[in-house]
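Here is a short tour for a first look. Keep the sequence and the 3D view side by side as you read.

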Amino acid sequence: MTSAAPSSTRTEQSAAPFGIFQVRVRRIEALGENFRRFTFEGPDLATFADNGRDQRIKLIFPLPRVGLDPMPTGTDWYQQWRELPADLRNPLRTYTVRNVRNESSEIDVDIAVHGRVGVASAWAVDAAVGDELKIFGPDNRFTGVHGGVDFLPPSGTGGFLLAGDETALPAIASILERLPADSTGEALIEVAADSDRAAVGSCPPGVRLQVLSRDGGPSGSVLVPAVREAAARLLPTVSGAAVEVEDVDIETGLLWEVPADESGGALARQTALYAWLAGEAGVIKTLRRHLVSELGMDRRSVAFMGYWRTGRAENNS
Ligand SMILES: Cc1cc2nc3c(=O)[nH]c(=O)nc-3n(C[C@H](O)[C@H](O)[C@H](O)COP(=O)(O)OP(=O)(O)OC[C@H]3O[C@@H](n4cnc5c(N)ncnc54)[C@H](O)[C@@H]3O)c2cc1C
């Protein structure tokens, strides 16, 4: 993943693509057994950019005793943050913006909780209305392309295959809500429990949406077979010969392959099917091998993103 260049604070009028927003929790809504919707409020959010799709942001968490005070706020905050001693470096975690309401200075972020393991999940389990966070997100006073959006289908794309686990659910739900009404394809989401379906919103009628519970099974146990079946339905008309792709080492690096042009926009090409897959890195690696190596799907038509790795914390603490 190329992190968005950390470049501005909210106190400046430089209209950089991203800035740091000071927020507090306004509302917490249980969307399912393992999903919480956090509505954040703060005057700064009147200028939070509403790009939809899979717009990623960073949540910046308080540290015990010192809270958010050590977090640098200058234009070069990222460099300063990296140079802080570990016990003064506020943890950052990557999330997706689910809704933006500039008129009431609010945004929603849906967090899949996985117990008190990990800074973000532990925070989400214990959070209360009024708790403060900082958010690194896109600024609508910047008029160019903000970056941090990886759903980039070429214009005129014929159909879609969207797949991911609960961490990708907010992105898939946002993508579905803004797809043209005549879109076709399939969307497959693996969640931890049946009740987590509540976190998904509307979907174009021509897109077959399946939210599948793994019901205590391991990550990917229902997503991998479901994607294989969907690919068998969608791909025969577009696939070429099977090709070998080099394996990605997810122990040492991120799995992040996103087709884009040099300015970070969608590639200018025709494609009958555009696929977007995100979730646990090992699961996405398996699906990459299947779609590209076994079925011969053109890599310029598919985005693969490892959103988290089993047994590894996000490298931002
Ligand atoms: C672009 C992008 C967008 C994302 N959007 C969202 C989003 O909108 N909502 C959302 O819930 N997540 C989202 N994620 C995933 C989220 O960033 C990770 O799950 C993150 O690791 C959670 O941080 P943590 O502090 O809870 O756990 P970490 O400190 O990162 O990890 C601690 C332990 O928890 C494990 N772990 C991490 N995540 C999970 C999980 N989901 N289930 C089970 N075990 C886990 C790790 O393997 C590790 O062993 C997104 C990730 C990316 C890259």
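## A starting pair

Begin with one residue pair. Gly164 has Ile189, in strand 9, as its bridge partner. The model shown is a predicted one. Strand 8 covers residues 159-164, strand 9 covers residues 185-191, and 5 bridges join the two. These two strands run parallel.

## The open sheet

Strands 8 and 9 belong to an open sheet of 6 strands. The order is 10-9-8-12-13-11, and the pairing is mixed. Strand 10 (207-213) and strand 11 (256-257) stand at the edges. Each has a single partner strand, so one side of each has no neighbour in the sheet.

Two helices pack on this sheet. Helix 4, residues 223-234, touches strand 8, strand 9, strand 10 and strand 12 (273-280). The direction of helix 4 makes about 175° with that of strand 9. Helix 5, residues 281-294, touches strand 8, strand 12 and strand 13. The direction of helix 5 makes about 150° with that of strand 12.

## A covered helix

Helix 3 spans residues 169-178 and is mostly covered, with 8 of its 10 residues buried. The buried residues are Leu169, Pro170, Ala171, Ile172, Ala173, Ser174, Ile175 and Leu176. What do the buried residues of helix 3 pack against? Their partners are strand 4, strand 6, strand 8, strand 9, strand 10 and strand 12.

## Strand 3 and its partners

Turn now to strand 3, residues 56-60. It is mostly covered: 5 of its 5 residues are buried. Arg56, Lys58 and Ile60 point one way from the strand. Ile57 and Leu59 point the other way. The residues on both sides are buried.

Strand 3 runs antiparallel to strand 4, and 5 bridges join them. Within strand 4, Arg93 stands opposite Leu59. Strand 3 also runs antiparallel to strand 7 (residues 132-138), with 3 bridges between them. There, Ile60 has Lys134 of strand 7 as its bridge partner.

## Two domains

The domain assignment divides the protein into domain 1 (18-138) and domain 2 (159-308). Their centres, taken over C-alpha atoms, are 26 Å apart. The contact takes 12 residues from domain 1 and 14 residues from domain 2.

Which strands each supply at least two residues of the side of domain 1 that touches domain 2? They are strand 1 (18-32) and strand 6. By class, this side of domain 1 has 3 nonpolar, 4 polar and 5 charged residues.

## Around the ligand

There are 24 residues around the ligand. Thr96, Ala112, Gly118, Ser121 and Ala313 come nearest. Four elements give two or more residues to the shell: strand 4 (92-96), strand 6 (106-112), helix 2 (119-126) and strand 13 (302-308). Strand 4 gives the largest share, 4 residues.

By class, the shell has 10 nonpolar, 8 polar and 6 charged residues. Why does the ligand lie between domain 1 and domain 2? Both domains give residues to the shell around the ligand, so the ligand lies between them.

How values were computed. Residues are numbered from 1 along each chain as its sequence is written. This is a predicted model: local features need pLDDT of at least 70, side-chain atom pairs count only at pLDDT 80 or more; totals for chains, interfaces and linings use all residues. A residue is near a molecule or strand if its C-beta atom, placed from the backbone, lies within 6 Å of it. Ala, Val, Leu, Ile, Met, Phe, Trp, Tyr, Cys and Pro count as nonpolar, Asp, Glu, Lys and Arg as charged, and the others, Gly among them, as polar. Domain bounds come from an automatic or database domain assignment. Two residues are in contact if their C-beta atoms, placed from the backbone, lie within 7 Å. Two strands pair if DSSP finds at least two bridges between them. Axes are lines fitted to C-alpha atoms, for helices over the stretch in contact, and angles run from 0 to 180 degrees between N-to-C directions. A residue is buried if 20 or more other C-beta atoms lie within 10 Å of its own, exposed if 12 or fewer, and partly exposed in between; C-beta atoms are placed from the backbone.
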